[in-house]
Every structure is written in structure tokens, then in C-alpha cells.
Amino acid sequence: MAGKQFPSLAHARPASSRCLLAVGALILFSAVYFLLLSPSPPRTLPSPSTTTTSFVASLDRFLDSPHRPASSSAAPGDLDAAIRREEEARLYGDPGSAWPAAPAPLRVYVYEMPRKFTYDLLRLFRDSYRQTDNLTSNGSPVHRLIEQHSIDYWLWADLIAPESQRLLKNVIRVERQEEADIFYVPFFTTISYFLLEKQECKALYREALKWITDQPAWKRSEGRDHIIPVHHPWSFKSVRRFVKKAIWLLPDMDSTGNWYKPGQVYLEKDVILPYVPNVDLCDYKCVSETQSKRSTLLFFRGRLKRNAGGKIRSKLVTELKDAEDIVIEEGTAGAEGKVAAQNGMRKSLFCLNPAGDTPSSARLFDAIVSGCIPVIVSDELELPFEGIIDYSKIALFVSSSDAVQPGWLVKYLRGIDAKIIKELQSNLVKYSRHFIYSSPAQPLGPEDLTWRMIAGKLVSIKLHIQRSRRVVRESRSSCTCECRVGNNTRLL
């Protein structure tokens, strides 16, 4: 700026002093910056080599590791007052952070149930796994069926693992009941159903029911904030009516009444979890390598005759059995059946997924992790994590009425543009992580998405708990099983 004079800094102090001060200031600034902004030392996480997706391998490691009882405290004398104090402290304790930008982790209290409901059942499965060839009435290997429904193990094993070994940050285990958002009941209902004698199983169910319903937290909420894994449609069936207000972890929501009584299950309350896949994951490299080998247009391997909604299978067999480039096979149980199904899916563009005895089938998740585009023919199917996952990105949905029309399904599949097929296959590789259970549980894996779905129900759960405590019983008409809209996804 012309005409404006500034005093010469050269006359203010000697050059050497200026240099020393500048260096000192720079060192001081660097130290402060490092202390304030540098991240804390990273926590040591399990390496990929220690991650397992095999139920049996994970269970072996789990049972052979020492497990100390958690230092969980018993319920306070006045649990309701303790919970109220805890919630008020969160809401009003710090006005500046009453509504944090990042959602708080879901706080889960895991019950320490007697070992006959937990560890003893896991050991029974592990010790009999390799020695038995028991089959169910429809020919499925009992132990493989338990593996398909082993979601109770994967969730529990992750929850009780040392925090240093866990990767999920959106859910934490708490030791005080008054701190909990949700209570987890770690009873292995599927193992007990299949591996115990009928009367022994029913007796154990009654014992478990009494233990659960005697808990102060259960009595306070009538079970509304309790999670009970009942992932096989037959598990816990003899006593389910006494716990129908709890959150059930389910494989689907059969609306026919064959498996669940009307009003027992509905999307607002319960959570649908995927079956554990029966085939190995076909990752990006695998999908790329098998791309040129997928010469089969449509593949199905499984039971060709089913009851209830599964009757669609026999109709589809009649329609498709003589079509070119289509493979329809009766499934066989055991290791040979797994290999045949895996090879068939990896050689096919599309995999047929009709309803079984229930609207869902484990075959859907086998197709997803095999890179085979699912063609879903199940009008009343409800899908896992559908509030998070857009299944139209990875699957095709066909109504039963269209699928059985002569020539309709084959013409429809042959008419799909190659660009759409490539996009669906690419999405399958990306989405498959949502259906692979593992130890430790992975971010965006099925365990993670389960807790995200439950966290989304918290406000509704608390509303119904509070409302139930003020409304005089039977004083108002309330929505019951008779007035709930059925879970129906049939195309109009």
C-alpha cells in the first residue's frame, strides 16, 4: 500500500534472537498440536485370520476358552425407580448433549441363566455333532438344521466376548439392569428342541419360562423389552403364548397360522434374521472366475413337494421340468447335497426360491452368497433387515400367479437385459456381507444389522411399557391379534 510506513522489524531485535524465538514457537506449537489432535493409540483388533464363519469351528473355540461369569448386578430393590433415575440423568444431565449427534450404542443386559439353558446345550451339540446321523421327519440332518438356525449362538457369543475382542460399536453389554435398553435371554431353544427327548424338552421349556418370567425386569415390562431367539418355527412352541409380548428373533412371519398363532408375531415387534448359509461364500474373485461358467439359466435343488404355501413347488416343477437350460433337482441331505447345491448355484445366472413349508427358505441366502440372482416366488415372504436392505437391488420378485403361467417365467428371465444382470451380480457381491455370521461379529454383518433393527424399535417399546403401566387393564380397547393387518406382500 503506497505511502503507508511500517516500522522495520530488523531494528526491533537482533536476527539471532528472532530465529531462536521462531524455532521455539514452532516446537511449542508442534507439541501442543500433537497432544491435542493426534489420535489415541489404536486398539488391537482381531486379525482377519482369527475370524471364522463356521459354527462348529467357532463353537469349539468358544467352549474351549475360559469364560468367567460376568459381574452383572442383580436387579435393584426398586428397579422401576432406578431405571427412571437413569433415563432422567441421560435426558437432563447435560443440556448440551441431551440429543447427541451420533446415536448412542444400544445397551443390552445379558441374563446369566443356569448352565442347563446355555453351556450344557452347546456342549451337547458339540459332543454329538460328529457321532450322529439323525434325520428329521423330512430327511434333513438334525445338526445341520440346528446350524441353519444358530443365530442365538452368534449373537450371544459376541455379546459376552471381552470388549477388546469385539468389533461392533453400536451395541454394548451393561452389567446393571437399570442401565439396559434391552434384555437378552440366552436360551438355546432350537438345540433343546432337536436334541432332547420330547418330554424332557417340554420340561426344560417350562423351567426356562418360569426362570424368565420371575425376573423383576420381565415383570416390570411384561417382557416387551426382552429378546427371545426362537428362530426355528417349532422352537419354544409349547410355551410361546406366555411370552408373546417379547421381541422374537424369527426366520419369517408365516401368516397362515401353521407355525405362529395369529397376533403372536408382527413386524412392529419382532425381528427377522437370515438363516445361516449352508454353502461357502463366493466372494468377488470367485464370482469373477465363475462368470463365464454360468451356463444354466435357472437352478433349483431342494424338496420338490412341500406343505402349505410350499405347494407352489410342485406346480413350478410341472411348468419348468422340460425347459431348456433349466435345472430342477430333488435335494439330498448331507455333505454331498451341499456340494451339489453349491456347484449348481455357481454355474447358474438365476436361482429359484419358492416358498417352502414356511414363506422363507434357507436356499435364498445360499443363492445370495453364491452370486446367483434369487428369483423369489413367495407371495407372503417377509425379509431380514428390509428397513436397511433394498432387496430389489439383488433379487427378482415374481408373483405365484405369474410364475405358473405356461412359458411366462422362462420368457421373463430370458428377456432381462445383460446390463441389469451384471448390476444384480455386482450388488450380490457387495450385499453378501449382510448374511455371513462370524466370530468376531463384523460391522454390517447380520449381528450388526440385528441390533440396528432393534435400536429402531426402542421408542415404541418404551411407549408401550409406559402406557401399559398407566392404563387400567381392560379399560380400553386395544389392537390385538384380531385387528392387526396380516403380513402380506402379495402383488396386486
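**Disulfides and the β9 neighbourhood**

In this predicted model, β9, α13 and β10 make a right-handed β-α-β unit.

Visitor: How many disulfides does a search of the whole structure find?
Guide: One disulfide joins Cys-282 to Cys-286. Another joins Cys-351 to Cys-372. The search of the whole structure puts the number of disulfides at two.

Visitor: What is the pairing of the bonded cysteines, numbered in sequence order?
Guide: Cys-282 is bonded to Cys-286. Cys-351 is bonded to Cys-372. In sequence order, the pairing reads 1-2, 3-4.

Visitor: Is the link of Cys-282 and Cys-286 left-handed or right-handed?
Guide: The sulfur atoms of Cys-282 and Cys-286 are 1.9 Å apart. Both cysteines are buried. The angle about their S-S bond is -95°, and the link is left-handed.

Visitor: Is the disulfide of Cys-351 and Cys-372 left-handed or right-handed?
Guide: Here the S to S distance is 2.1 Å. The torsion about the S-S bond of Cys-351 and Cys-372 is about 110°, so this disulfide is right-handed.

Visitor: How many residues apart in sequence are the parts that Cys-351 and Cys-372 tie together?
Guide: Cys-351 and Cys-372 are joined by a disulfide. Cys-351 belongs to strand β9 (residues 348-354), while Cys-372 sits in the loop between α13 and β10, so the pair ties together parts whose separation in sequence is 21 residues.

Visitor: Is β9 largely enclosed, and how many of its residues are buried?
Guide: β7 (residues 296-302) pairs with β9 in the parallel sense, over three bridges. Five bridges join β9 to β10, also parallel. β9 is largely enclosed by the rest of the structure, because its buried residues number seven of the seven.

Visitor: Which residue in β10 does Cys-351 stand opposite?
Guide: Cys-351 is buried. The bridge partner of Phe-299 in β9 is Cys-351. In β10, Cys-351 stands opposite Pro-374.

Visitor: Is Ser-370 buried or exposed?
Guide: Ser-370 is found in the loop between α13 (363-369) and β10 (373-377). Buried means under 20% relative accessible area. Ser-370 has 0% relative accessibility, so this residue counts as buried.

Visitor: How far apart in space are Ser-370 and Cys-282, C-alpha to C-alpha?
Guide: Leaving aside neighbours within four places in sequence, Ser-370 is in contact with several residues, including Val-279, Cys-282 and Arg-294. Ser-370 and Cys-282 are 88 residues apart in sequence, yet in space their C-alpha atoms are separated by 4.9 Å.

How values were computed: Residues numbered from 1 in each chain as written. Predicted model: local features only at pLDDT ≥ 70, side-chain atom pairs only at ≥ 80, totals over all residues. Heavy atoms only, no water. Helix = DSSP H or I, 4+ residues; strand = E, 2+ residues; numbered from the N terminus. Buried < 20%, exposed > 50% of the residue type's maximum accessible area, 1.4 Å probe, protein only. Contact = heavy atoms within 4.5 Å. Disulfide = S-S within 2.5 Å. Pairing = 2+ DSSP bridges. Right-handed = clockwise from strand over helix to strand, strands pointing away.
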